[in-house]
Amino acid sequence: MARAGMERWRDRLALVTGASGGIGAAVARALVQQGLKVVGCARTVGNIEVNVLALSICTREAYQSMKERKVDDGHIININSMSGHRVSPQSAVHFYSATKYAVTALTEGLRQELREAQTHIRATCISPGLVETDFAFKLHDQDPEKAAATYEHIKCLKPEDVAEAVIYVLSTPQRVQVSLALAVHPWRSPTIPRGREQGGLKGGGQSVLVAPSLCAFCRLETSR
């Protein structure tokens with residue numbers, strides 16, 4: 001059954017990159033369940049290519065395709081990371097953080113360009129905290145025990161939680177623009193000292209409960 005607000009997306013086309021596993025696969029499944037026609041693609045290359053170059057090229061081509069087909073109510077959603085808003089004190093992820101900061105800037109720049117073009121196409125980036133995928137095993141490919149420990153010190157998000165955030169963003173009325181990254185993170189565990197939890201975007205904004213296992217902080221604006 002379609003979620004309230006998702007009816008208008010039924011039978012429309014969605015392109016999901018990174019759909020072979022993890023968050024991408026969960027998003028693809030969720031969209032299919034909501035009645036969309038999903039095209040999934042994936043390719044394993046380096047971080048800078050995927051996080052910056054590939055994202056920019058896919059965004060450009062998607063927007064051009066929408067213009068050619070006179071689609072003025074599409075939505076471009078970039079899956080970002082909390083590493084795109086703060087730098088973790090771990091040397092292994094500093095370069096990764098740099099690429100994710102680029103995603104934050106690229107998505108906001110895209111949103112501004114879409115407004116200047118007076119289009120109703122919306123742009124959003126969703127920034128999860130720690131999600132239980134194979135990311136840590138790729139990051140620490142020479143140390144599987146360290147990779148496994150990454151997901152043991154905190155109750156992690158699941159890929160389905162991030163997919164839930166995608167559905168929430170898509171289901172908002174067309175007058176609403178969720179522009180600043182949704183910073184989704186696991187609830188703080190009582191066993192983790194305050195201030196040590198992963199994720200958590202501090203500052204102003206509206207707090208919105210999206211699903212039982214995640215909380216979203218977002219900036220809501222009026223869409224054109």
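Start with the whole chain on screen: of its 224 residues, 44% count as buried. What you are looking at is a predicted model. Switch to a cartoon view and you will find six helices and nine strands. Among contacts between residues at least 6 apart in sequence, 71% join residues at least 24 apart. If you turn on the surface, the chain exposes about 12400 Å², with carbon and sulfur atoms supplying 54% of that area.

**First stop: two strands and a helix**

Select strand S1 (13-17) and helix H1 (22-33), then add strand S2 (residues 37-41). Together, S1, H1 and S2 form a right-handed β-α-β unit. S1 and S2 run parallel and are joined by five bridges. To see one pairing, pick Val16, whose bridge partner in S2 is Gly40.

**Second stop: the largest core**

Keep Val16 selected, since Val16 is among the residues with the most contacts inside the largest nonpolar core, which has 25 residues. Others to add include Met6, Val27, Leu31, Leu36, Ile126 and Leu170. Which elements each supply at least two residues of this core? They are S1, H1, helix H6 (159-171) and strand S5 (176-178). Color H6 next: this helix gives the most to the core, with eight residues. Now zoom in on Val27, which touches Val16, Ala163 and Val166, leaving out residues up to four places away in sequence.

**Third stop: helix H3**

Move to helix H3, residues 94-116. At 1.5 Å a residue, its 23 residues should span 33 Å, and the end C-alpha atoms are indeed 33 Å apart, so the two values agree. Show the side chains of its buried residues, among them Tyr96, Thr99, Lys100, Val103, Thr107, Leu110, Arg111 and Leu114. As you look along the helix, remember that an α-helix has 3.6 residues a turn, so residues three or four places apart point the same way. Just past the end of H3, click on Gln118, which takes a positive phi of about 55 degrees.

**Last stop: Ile121 and the second core**

Go on to Ile121, in the loop between H3 and strand S4 (122-128). Is Ile121 buried or exposed? Its relative accessible area is 5%, under the 20% cut-off, so Ile121 is buried. Beyond its neighbours within four places in sequence, Ile121 is in contact with Tyr63, Met66, Val71, Asp72, Asp73, Gly74, His75 and Leu114. For a distance to check, the C-alpha atoms of Ile121 and Arg111 are separated by 8.6 Å.

Note on methods: Residues are numbered from 1 along each chain as its sequence is written. This is a predicted model: local features need pLDDT of at least 70, side-chain atom pairs count only at pLDDT 80 or more; totals for chains, interfaces and linings use all residues. Side-chain values use heavy atoms; hydrogens and water are left out. A nonpolar core is a set of buried Ala, Val, Leu, Ile, Met, Phe, Trp, Tyr and Cys residues joined through side-chain atoms within 4.5 Å. Buried means under 20% relative accessible area, exposed over 50%, partly exposed in between (1.4 Å probe, protein chains only). Helices (H or I, at least four residues) and strands (E, at least two) are DSSP runs, numbered from the N terminus. Contact means heavy atoms within 4.5 Å. Accessible areas come from the Shrake-Rupley method with a 1.4 Å probe; for residues, only the protein chains shown count as cover. The expected span of a helix is 1.5 Å times one less than its number of residues. Two strands pair if DSSP finds at least two bridges between them. A crossover is right-handed if, with the strands pointing away from the viewer, the path from the first strand over the helix to the second runs clockwise.
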